[in-house]
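Me: I've got a model open and I'd like to go through some of the labels people put on it. Could you justify them one by one?

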Amino acid sequence: MTTSVITPEEIIKKGTVVFKKTELMTNNTLSYCPGCGHGVAHRLVMEVIEEMGIGEETIGVAPVGCSVLAYDFMNVDMQQAAHGRAPAVATGIKRVYPEKYVFTYQGDGDLAAIGTSETIHACNRGENIVIIFINNGIYGMTGGQMAPTTLAGMKSSTSPYGRSIPTMGYPIKMTELVAHLPGVAYATRQAVHEAKYVRKAKKAIQKAFENQRDLKGTSIVEIVSNCNSGWKMTPVDANKWLEENMLPYFPLGDIKK
Amino acid sequence: MAKVIGAVVIDTEACKGCDICVHACPTDVLKLNDQVNGKGYNPAYPANHAACTGCKICALVCPDMCITVYQYKPDKVA
Ligand SMILES: Cc1ncc(C[n+]2csc(CCOP(=O)(O)OP(=O)(O)O)c2C)c(N)n1
Ligand code: SF4
Ligand code: SF4
Ligand code: SF4
């Protein structure tokens, strides 16, 4: 039997679907720039929720930042919170509906700047929620200002000569910081710019939701992501830059499990 | 042993032409089209479709979930 004559059209007709978009993502066009990691991160959270069969029991909290419209894209119940307040809003939701799965989805400006206090105290209380933390080292939505996570020497619109450590401080490692708190059950750092990282990130997100099911406390999944618009690079170059510059300072893997 | 072969269907109107899948595909199946879509982006298409193994790598990294992947094992069905 010869295999070489089969056309792509026949493969599509006779073959099995091995990947398709999850039904927990709506058909609304994502508002993100081409190549932005937010899309992959959204999809992974929704795939995990779909595979765990908890779509009807999940409430997400969207931040302020580029992902402010996450409720338009994630097909589960959602609430949008004031800037940085997602962990406080999630705390309230979880306490009113303890049987629901509750997660926040936040950028680094949201979680590690204006919302530092809410993040630390929700983690310190060991709120039984999942925090998805997208670290792209910059304020994407507002035009590429320096974030607490901006790398040393990295240029942004408010550090045009590069982040200077003596005057602007060190890039903050929020996930390591909250990992010290006894309320945190699981703290991990992942990425989504290559398939091998995408697979691991999905497993980490699943573990975080399983922890919530098993009443273990707070789980935080940081995803080192790109902001090609803010970094002023093509998406492909941004992912390369991420690998070479972000990952050495923000190494991937479990910090606490 | 059956050689697994694959195919992709790309939602051309949803694609933003970011080029990430093109660089990620291990068998160089994908290219960006010279023609733009309705949004003005150059969408990805399977220029060398016969080389597709259905590995899903392109779909895993596509931020806009434009790619559906199929696999077929020829002599399993024959
Ligand atoms: C109280 C308040 N302060 C400031 C802003 C302006 N603002 C909107 S988004 C944002 C930062 C977003 O950055 P990040 O959380 O890193 O998300 P990204 O856009 O990069 O995904 C800021 C400062 C605001 N909307 N509300
Ligand atoms: S500005 Fe940056 S974070 Fe926001 S959508 Fe564009 S690439 Fe993504
Ligand atoms: S499924 Fe794999 S081989 Fe086929 S186009 Fe996508 S990345 Fe390339
Ligand atoms: S990764 Fe997705 S959006 Fe980007 S070019 Fe490929 S199909 Fe289009």
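Reply: Sure. Keep in mind that this is a predicted model. Let's start with a helix: the buried residues of α4 in chain A pack against β2 (58-62), β3 (77-80), β4 (101-107), α6 (116-124) and α9 of chain A.

Me: Which residues of α4 in chain A are the buried ones?

Reply: In that helix, residues 86-96, the buried ones are A:Ala86, A:Pro87, A:Ala90, A:Thr91, A:Ile93 and A:Lys94. As for the spacing, an α-helix has 3.6 residues a turn, so residues three or four places apart point the same way.

Me: Why is A:Thr150 called buried?

Reply: Its relative accessibility is 0%, and buried means under 20%. A:Thr150 is therefore buried.

Me: Where is A:Thr150 found, and what does it touch?

Reply: A:Thr150 is in a loop of chain A, between β7 (145-146) and α7 (165-168). Leaving out residues up to four places away in sequence, it touches A:Gly137, A:Ile138, A:Arg163 and A:Pro171.

Me: What makes the pair A:Thr150 and A:Gly137 a polar contact?

Reply: A polar atom of the A:Thr150 side chain lies 2.7 Å from the backbone oxygen of A:Gly137, and the cut-off is within 3.5 Å.

Me: Why is A:Leu215 called exposed?

Reply: A:Leu215 has a relative accessible area of 69%, and exposed means over 50%, so the label exposed fits A:Leu215. This residue lies in the loop between α9 (195-213) and β9 (218-224) of chain A. Its phi is a positive value, near 60°, in a residue other than glycine.

Me: And what makes B:Lys56 partly exposed?

Reply: Buried is under 20% and exposed is over 50%, with partly exposed in between. B:Lys56 has a relative accessible area of 29%, so it counts as partly exposed. You'll find B:Lys56 in the loop between β3 (44-46) and α2 (57-61) of chain B. Here too phi is positive in a residue other than glycine, near 80°.

Me: On to the pocket. What is the volume of the largest pocket, and which residues are closest to its centre?

Reply: The largest pocket has a volume of about 250 Å³. It is lined by 15 residues, and the closest to the centre are A:Lys21, B:Asp11, B:Ala14, B:Asp64 and B:Met65. Two elements of chain B, β1 (5-10) and β4 (67-72), give two or more residues to the lining.

Me: How many residues of each class are in that lining?

Reply: The lining of the largest pocket has 7 nonpolar, 5 polar and 3 charged residues.

How values were computed: Residues numbered from 1 in each chain as written. Chains lettered and ligands numbered in written order. Predicted model: local features only at pLDDT ≥ 70, side-chain atom pairs only at ≥ 80, totals over all residues. Heavy atoms only, no water. 1 Å grid on protein atoms, 1.4 Å probe; cavity = no way out; pocket = protein on both sides within 12 Å on 5 of 7 lines; lining within 4 Å. Points joined across faces, edges and corners; volume = space filled by probe spheres on them. Helix = DSSP H or I, 4+ residues; strand = E, 2+ residues; numbered from the N terminus. Nonpolar A, V, L, I, M, F, W, Y, C, P; charged D, E, K, R; others polar. Buried < 20%, exposed > 50% of the residue type's maximum accessible area, 1.4 Å probe, protein only. Polar contact = N/O pair within 3.5 Å; in protein donor to acceptor, adjacent residues only side chain to side chain. Contact = heavy atoms within 4.5 Å.
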